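Here is a friendly walk through one protein chain, from its overall make-up to its sheets and charged pairs. Please keep the structure open beside the text as you read.

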Amino acid sequence: MHLLNLGILAHVDAGKTSLTERLLHTAGVTDELGSVDAGSTRTDTLALERRRGITIKSAVVSFPLDTVTVNLIDTPGHPDFIAEVERVLGVLDGAVLVVSAVEGVQAQTRVLMRTLRRLRIPTLVFVNKIDRRGARGGAVLAEMARRLAVPLVPAGTAHGLGTRGARFVQRLGPAALDALADHDDDLLAAYVAGRLRDDRPDADGRLLRSLAEGTRRALVHPVYFGSALTGAGVDELVTGIERLLPAAGGDPAGPASAAVFKVERGPAGEKIAYARVFTGTLRVRDRIPFGDAGEEGRITALAVFDRGTDAPRESAGAGSIAKVWGLGGIRVGDALGAPGRVRGHHFAPPTLETVVVPGPGTDRRSLHLALTRLAEQDPLIGVRHDEARGETSVSLYGEVQKEVVQATLAEDHGLAVTFRETTTLCVERPVGTGEAAEFNKKDGNPFLATVGLRVEPAPPGAGVAFRLEVELGSMPYAFFKAVEDTVRETLGQGLHGWPVPDCTVTMTHSGYSPRQSHAHQRFDKSMSSTGHDFRGLTPLVLTEALRRAGTRVHEPMHRFRVEAPADTLGVLLPVLTRLGAAPAAGGARGRTCVLEGAVPAARVHELEQRLPGLTRGEGELETSFDHYAPVTRGPVPERPRTDHNPLDRKEYLLRVTRRTGD
C-alpha cells in the first residue's frame with residue numbers, strides 16, 4: 001500500500017483539529033469522535049493544548065484508506081507557533097488547507113497559501129463549518145479567489161448552509177471546467193471540439209483526470225465544502241485525498257536519507273527524533289551520520305505510525321515517518337544519512353524578545369537548562385544568556401507564545417517565571433566595505449596568530465558567507481575552522497548589539513607559529529599557536545572591520561491590510577502616519593475602504609488596540625512580517641552585549657586573558 005504524508009493547515013479556530021478527529025473516525029481508527037472543547041482529541045496530547053483548546057506542537061497520526069496509508073500531521077494554527085508549521089512543510093507530499101465558511105479568508109490563511117504555492121505542495125482546500133449560522137458558500141469561494149489569488153476548482157456545491165442538515169454535493173461543473181482549461185490545453189481542445197458535453201460518457205472522467213494531474217503538479221486547488229462536526233463533505237474530501245494527491249516516492253534500496261522535523265524528550269530525558277525518510281531504509285542498530293558536522297550515532301529503536309498510534313519496528317523505509325531513538329546530539333532540521341532536500345526558512349523569523357525573570361526559589365541554572373531544551377525543540381526560538389547581568393532572554397513571535405513558555409516552565413519543569421516588557425528584535429547591516437588585520441607578534445597582539453578579514457554587505461536573506469583569499473594550505477585547517485566558527489558567532493552581535501545576518505566575510509591574511517617543543521620535552525604552548533589564539537583574535541579583527549564598514553540598524557516591518565468603513569478613512573490615515581505606517585495602496589470599494597502598506601513591528605500591537613475605536617468596531621486588520629527597514633526615527637536602538645565586548649580592546653583582552661589564565 002502506498003504512503004501519503006499529509007499536512008493539515010489553517011488559521012486558528014478554522015476547525016483543523018476537529019477535521020483531523022473526523023478523518024480518524026471516518027477511517028475507523030477511533031470509535032468516538034474526539035472533541036477540542038472536551039479535551040479528548042488524539043493529536044492535542046499536551047495538557048496545555050487541551051486546556052487552551054489550541055494546537056501548540058505538531059502531531060502525527062496514521063489512518064488507512066483503500067489504496068493508501070495516510071500519515072497525517074496536525075499543525076498549529078496560531079501565528080505564534082509558525083515555527084512548528086515550518087518544520088513540517090519540508091516533509092509533506094500534500095496538504096489540506098482548512099478555511100472557515102463563517103470567517104472566510106483570514107490572515108494566516110493567506111500566509112499559508114502563499115507558502116504552499118511557493119513550495120509547490122499539492123493542496124486541497126476544505127471550507128469547514130457549513131452547518132454554522134452565518135456560513136457562506138459562493139461568497140467564500142469568491143473571497144478566496146480574490147484574496148488568495150490562486151486557481152481554485154470547485155469540486156461541488158454546498159446546500160442548506162447554516163443549518164444542521166447542510167450537505168455537500170460533489171460535481172465538477174462549468175466552473176471547474178473553466179479553471180482546468182486554463183492549465184490543460186488538451187482539455188481546452190476537447191471542450192472546443194464538443195467532446196465534453198454532459199451527454200458524453202467520458203466527460204466526467206476526462207475532467208477528473210485533468211483535475212488529478214493539475215492538483216499533483218500544484219497548478220490548481222480543488223475546493224470541498226463540509227463540516228467536521230457533522231461529517232458533511234468529509235467522505236468526498238477523503239476520496240479527493242486518495243485520488244488527487246501524490247503518494248510518497250523514494251527508493252527503499254537507495255542510500256538512507258531522512259530529515260528531522262521534530263525533536264521531543266522521553267520520560268527518561270532521552271531525545272526522540274521524528275524523521276521523514278526520503279530514500280533508503282533506517283534500521284535499528286545501524287550507525288548513521290547526522291547534522292552539518294557529520295556526527296555519527298547508533299539507532300537504538302524505531303517506531304512508525306500505524307492506525308492512530310506509533311508501533312515499534314526494526315526498520316523504516318522510504319516514504320515513511322519514523323520516531324528514532326539513540327541520536328543524542330540530534331537537532332531539528334538535521335539530515336540523517338545522505339543529505340536530502342535543502343530546507344530553508346519559509347516563514348518570518350521571530351521579531352520580539354523578552355527577558356525571563358526567575359521567580360522566588362527558581363534556580364537560574366535550572367531555568368537556563370530548561371529554556372535551552374525548549375529552544376532545541378523550536379529552532380526559530382533563540383535563547384540568549386547574559387553572564388554579566390545574570391539574565392536570559394528568549395526570542396518570540398507573540399504574547400500567546402510567551403504565556404505558553406511560562407506555563408510549560410511551571411508545569412513541566414517546576415520553574416516559576418515572569419517576563420519583562422517585550423521588545424523588538426532588530427538587525428544590523430553593513431553600510432560599506434571594511435578591512436582589518438592583526439599580525440602575529442606585532443603591534444601589541446597578544447595572540448600567536450595572524451588574522452585579516454574583509455566585511456562586505458550582502459543582499460537581504462543571503463546569510464553569512466565565509467570565503468578565503470589566502471591559500472588553504474598556508475596553515476592547519478583547524479585554525480581556518482576556528483576563524484570561520486568565531487566569525488559566525490561574533491556576527492551575532494554587531495556594533496549596536498544586534499545580529500548581522502547578511503554579509504560576506506573574506507579572510508585576507510593568515511599566519512601562525514608552528515609547533516614548538518624542547519628536546520625530550522612536551523609541546524610548548526607559549527611558543528606555538530593553538531585554536532584559542534585564533535578564537536581570541538578573530539572578534540577583535542572582525543569588529544574593527546565592521547567599524548570601518550559601518551553598520552545601520554534595521555527594524556522589522558510588517559505588511560498590513562486594513563479594511564474599514566469608507567467614512568473612517570480620514571481618521572485612519574493620520575493615526576497610521578503617527579505610527580510610522582506607510583500606506584502603499586488602497587482605495588474605496590463602495591462603502592468600504594482598503595489600505596495596504598508597511599508598519600513597524602513595534603507599533604503593530606498599538607494599531608491592533610486602536611483600530612476598533614477608530615472604525616466603530618468594524619475595522620479588520622491583517623499583518624505579517626515583510627522585511628527589515630533602516631531605523632529613521634528616534635535614537636538608534638542599542639542592545640546590551642552578552643560577549644566579552646571586542647568593541648573595547650583593553651577590557652576585552654583583560655577578560656579573555658584572565659578567563660583563559662594566560
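A residue is called buried here when its relative accessible area is under 20%, exposed when it is over 50%, and partly exposed in between. By that rule, 53% of the 662 residues of the chain count as buried. Please bear in mind that this is a predicted model.

**The chain as a whole**

The chain has 16 helices and 33 strands. Its accessible surface comes to about 30,100 Å², and 49% of that area belongs to carbon and sulfur atoms. Among the contacts with a separation of 6 or more, 73% are between residues 24 or more positions apart.

**The seven-stranded sheet**

Let us begin with an open sheet of seven strands, ordered S2-S3-S1-S4-S5-S9-S6 and mixed in its pairing. Its edges are strand S2 (59-64) and strand S6 (152-154), each of which pairs on one side only. From one strand to the next, the twist averages 30 degrees. Helix H9 (residues 234-244) packs on this sheet, where it touches S1, strand S3 (68-74), S4, strand S5 (123-128) and strand S9 (221-225). The direction of H9 makes about 175 degrees with that of S5.

Several of the pairings can be followed residue by residue. Strand S1 (residues 2-10) runs parallel to strand S4 (residues 94-100), with five bridges between them, and Ile8 has Val96 in S4 as its bridge partner. S5 and S9 are also parallel and are joined by three bridges; here Phe126 is partnered by Tyr224 in S9. On the other pairing, S6 and S9 run parallel over three bridges, with Pro154 opposite Val223 in S9.

Why is S9 described as largely enclosed by the rest of the structure? Five of its five residues are buried, so the strand is largely enclosed. In a regular strand, side chains alternate between the two faces of the sheet. Both faces of S9 are covered: His221, Val223 and Phe225 are buried on one side, and Pro222 and Tyr224 are buried on the other.

**The four-stranded sheet**

Further along the chain, four strands form an open sheet in the order S26-S27-S29-S28, again with mixed pairing. Strand S26 (434-438) and strand S28 (464-468) are the edge strands, each pairing on one side only. The twist here averages 20 degrees from one strand to the next. S28 runs parallel to strand S29 (residues 503-512) and is joined to it by five bridges; within this pairing, Arg467 stands opposite Thr506 in S29.

Two helices meet this sheet. Helix H12 (residues 477-490) packs on it and touches strand S27 (449-457), S28 and S29, with its direction at about 155 degrees to that of S28. Helix H13 (residues 531-549) lies across S26, S27 and S29, running at about 35 degrees to S27.

A nonpolar surface patch of about 310 Å² is made by Leu468, Leu472 and Tyr477. Leu472 sits in the loop between S28 and H12, and its relative accessible area of 47% makes it partly exposed.

**Charged pairs**

Side chains of opposite charge can pair when their charged atoms come close. The count of salt bridges comes to 30, and three of them are set out here.

| Salt bridge | N to O distance |
|---|---|
| Asp184 and Arg206 | 3.8 Å |
| Arg454 and Glu469 | 2.7 Å |
| Lys481 and Asp485 | 2.8 Å |

The pair Asp184 and Arg206 links distant parts of the chain, 22 residues apart: Asp184 is in the loop between helix H6 (174-181) and helix H7 (185-192), and Arg206 is in helix H8 (residues 203-216). Both of these residues, Asp184 and Arg206, are buried.

The pair Arg454 and Glu469 also links distant parts of the chain, with Arg454 in strand S27 and Glu469 in the loop between S28 and H12, 15 residues apart. Arg454 counts as buried at 14% relative accessibility, whereas Glu469 counts as partly exposed at 49%.

Lys481 and Asp485 are four residues apart in helix H12, so about one helical turn separates them. Lys481 is partly exposed at 33% relative accessibility, and Asp485 is partly exposed at 37%. Elsewhere, salt bridges that share partners join Arg110, Arg136, Glu143, Arg147 and Glu622 into one network.

How values were computed. Residues numbered from 1 in each chain as written. Predicted model: local features only at pLDDT ≥ 70, side-chain atom pairs only at ≥ 80, totals over all residues. Heavy atoms only, no water. Pairing = 2+ DSSP bridges. Axes fitted to C-alpha atoms, helices over the stretch in contact; angles between N-to-C directions. Contact = heavy atoms within 4.5 Å. Patch = residues over 30% accessible without salt bridge, like charges linked within 9 Å, V, L, I, M, F, W, Y side chains within 5 Å. Areas by Shrake-Rupley, 256 points an atom, 1.4 Å probe, with all protein chains shown as cover. Salt bridge = Lys/Arg side-chain N within 4 Å of Asp/Glu carboxyl O. Buried < 20%, exposed > 50% of the residue type's maximum accessible area, 1.4 Å probe, protein only.
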